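Welcome! Here is a short set of exercises to work through with the structure in view. Try each task before you read its solution.

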Amino acid sequence: QLTVSGNTLYFTAFQPSTGIEIWKYDATANTLQRLTDIASGPADSNPSKLTVLGSSLFFAADPGTRVTELWKTDGSVQGTVKVSSEPRSVNGLTVAAGNLFFTANDAQGGFGIWFTDGTATGTKRLADAGLINRTLQVRLLDAEGDGAPTPADVAVTTPANTLFTKN
C-alpha cells in the first residue's frame, strides 16, 4: 500500500533483518528510511491500513503478538509510536471530522467503533465517549412465528423487520 502525505511517500517493505515494516521516501530530500522495527528482529509487523490525518500517518501493525495495534508517525523515527495499548485488532481506518475512526476490540474482547485524535487519552470507543446512545438490533422474523428458521423465512426478512431499540 502506497500512501502520500505532502512530499512523503509511505509504504511497507521487507528487509531480512527487520521483516516487513513501515518506510518512507522523502521526495524533497530524495531519501529513503525505515521508520521503526515494530516486531523486533526478522519478524514482520505487517503495517497496513495506512491513513493520513493532518500531518500524521496512522496504521495498524502487529508487534509480534498476532494482534494489530494502532500506530502513528510524523515521518521521523522518534515520532513513530503506538497510539494506545488499547484498542486491539484494529481495522477499517477512515478519517472524518478531524478524527480517525476504526473498528477494534477492547481488552475484554468487545468489538466496537473507535475514534482517536492521535493521543492515548483521545482514543475511545464511541459508546464509551457518549457519542452513541442507541443500539441497533436486527431481528429475523420467521414466517411461521415459531422461531425455527426455514426457507419460507427469506420472504419475510426485509428492512421492515429491523428493530431499533434505545438503551
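**Exercise 1. Getting an overview**

What percentage of the 167 residues in the protein do buried residues make up? Then describe the secondary structure of the protein.

*Solution.* Before starting, keep in mind that this is a predicted model.

- Step 1: Buried residues make up 34% of the 167 residues.
- Step 2: Count the elements: the protein has zero helices and 14 strands.
- Step 3: Look at the surface. The protein exposes about 9400 Å², and carbon and sulfur atoms supply 55% of that area.
- Step 4: Turn to the contacts with a separation of 6 or more: residues 24 or more positions apart account for 32% of them.

**Exercise 2. A strand and its partners**

Find out how β7 pairs with β6 and with β8, and how many of the residues of β7 are buried.

*Solution.*

- Step 1: Locate β7, which covers residues 69-73.
- Step 2: Check its cover. Four of the five residues of β7 are buried, so the strand is mostly covered.
- Step 3: Go to β6, residues 56-61. β6 and β7 pair in the antiparallel sense over five bridges, and Ala60 has Leu70 of β7 as its bridge partner.
- Step 4: Go to β8, residues 81-82. β7 and β8 also pair in the antiparallel sense, over two bridges; here Trp71 has Lys82 as its bridge partner.

**Exercise 3. Thr73 and its surroundings**

Is Thr73 buried or exposed, and which polar contact joins its side chain to that of another threonine?

*Solution.*

- Step 1: Place the residue: Thr73 lies in strand β7.
- Step 2: Apply the cut-off. Buried means under 20% relative accessible area, and Thr73 has 1%, so Thr73 counts as buried.
- Step 3: Find the partner. The side chains of Thr73 and Thr80 are joined by a polar contact of 2.6 Å.
- Step 4: Look at the backbone too. A polar atom of the Thr73 side chain lies 2.9 Å from the backbone nitrogen of Gly75.
- Step 5: Leave aside neighbours within four places in sequence. The residues in contact with Thr73 then include Tyr10, Leu35, Ser55, Phe59 and Gly79.

**Exercise 4. Following the charges**

How many salt bridges does a search of the whole structure find, and which residues are linked in a network?

*Solution.*

- Step 1: The search of the whole structure finds three salt bridges.
- Step 2: Start at Glu69. Its side chain meets that of Lys82 in a salt bridge, at 3.8 Å from N to O. This pair links distant parts of the chain, with Glu69 in β7 and Lys82 in β8, 13 residues apart.
- Step 3: Stay with Glu69. Arg88 meets Glu69 in a salt bridge of 2.7 Å, N to O. Arg88 belongs to strand β9, residues 88-96, and the two residues are 19 residues apart.
- Step 4: Put these together: Glu69, Lys82 and Arg88 are linked in a network of salt bridges.
- Step 5: Compare the cover of the members. Glu69 is buried, at 5% relative accessibility, whereas Lys82 is partly exposed at 36% and Arg88 is partly exposed at 23%.
- Step 6: Move to another pair. Asp106 and Arg125 meet in a salt bridge of 3.3 Å, N to O. Asp106 lies in the loop between β10 and β11 and Arg125 in strand β12, so the pair ties together parts that are 19 residues apart in sequence.
- Step 7: Check the cover here as well: Asp106 is buried at 14% relative accessibility, and Arg125 is buried at 17%.

**Exercise 5. Into the core**

Which residues make up the largest nonpolar core, and which strand supplies its largest share?

*Solution.*

- Step 1: The largest nonpolar core has eleven residues: Leu53, Phe58, Ala60, Leu70, Val83, Val90, Leu93, Leu100, Phe102, Ala104 and Trp114.
- Step 2: Trace the strands. β6, β9 and β10 each supply at least two residues of this core, and the largest share, three residues, comes from β10.
- Step 3: Search apart from this core for another one. That core has nine residues, among them Leu35, Ile38, Leu50 and Trp71.
- Step 4: Return to Ala60. Not counting residues up to four places away in sequence, Ala60 touches residues including Asn46, Pro47, Glu69 and Val90.

Methods
Residues numbered from 1 in each chain as written. Predicted model: local features only at pLDDT ≥ 70, side-chain atom pairs only at ≥ 80, totals over all residues. Heavy atoms only, no water. Salt bridge = Lys/Arg side-chain N within 4 Å of Asp/Glu carboxyl O. Buried < 20%, exposed > 50% of the residue type's maximum accessible area, 1.4 Å probe, protein only. Core = buried A, V, L, I, M, F, W, Y, C linked by side-chain atoms within 4.5 Å. Contact = heavy atoms within 4.5 Å. Areas by Shrake-Rupley, 256 points an atom, 1.4 Å probe, with all protein chains shown as cover. Pairing = 2+ DSSP bridges. Polar contact = N/O pair within 3.5 Å; in protein donor to acceptor, adjacent residues only side chain to side chain.
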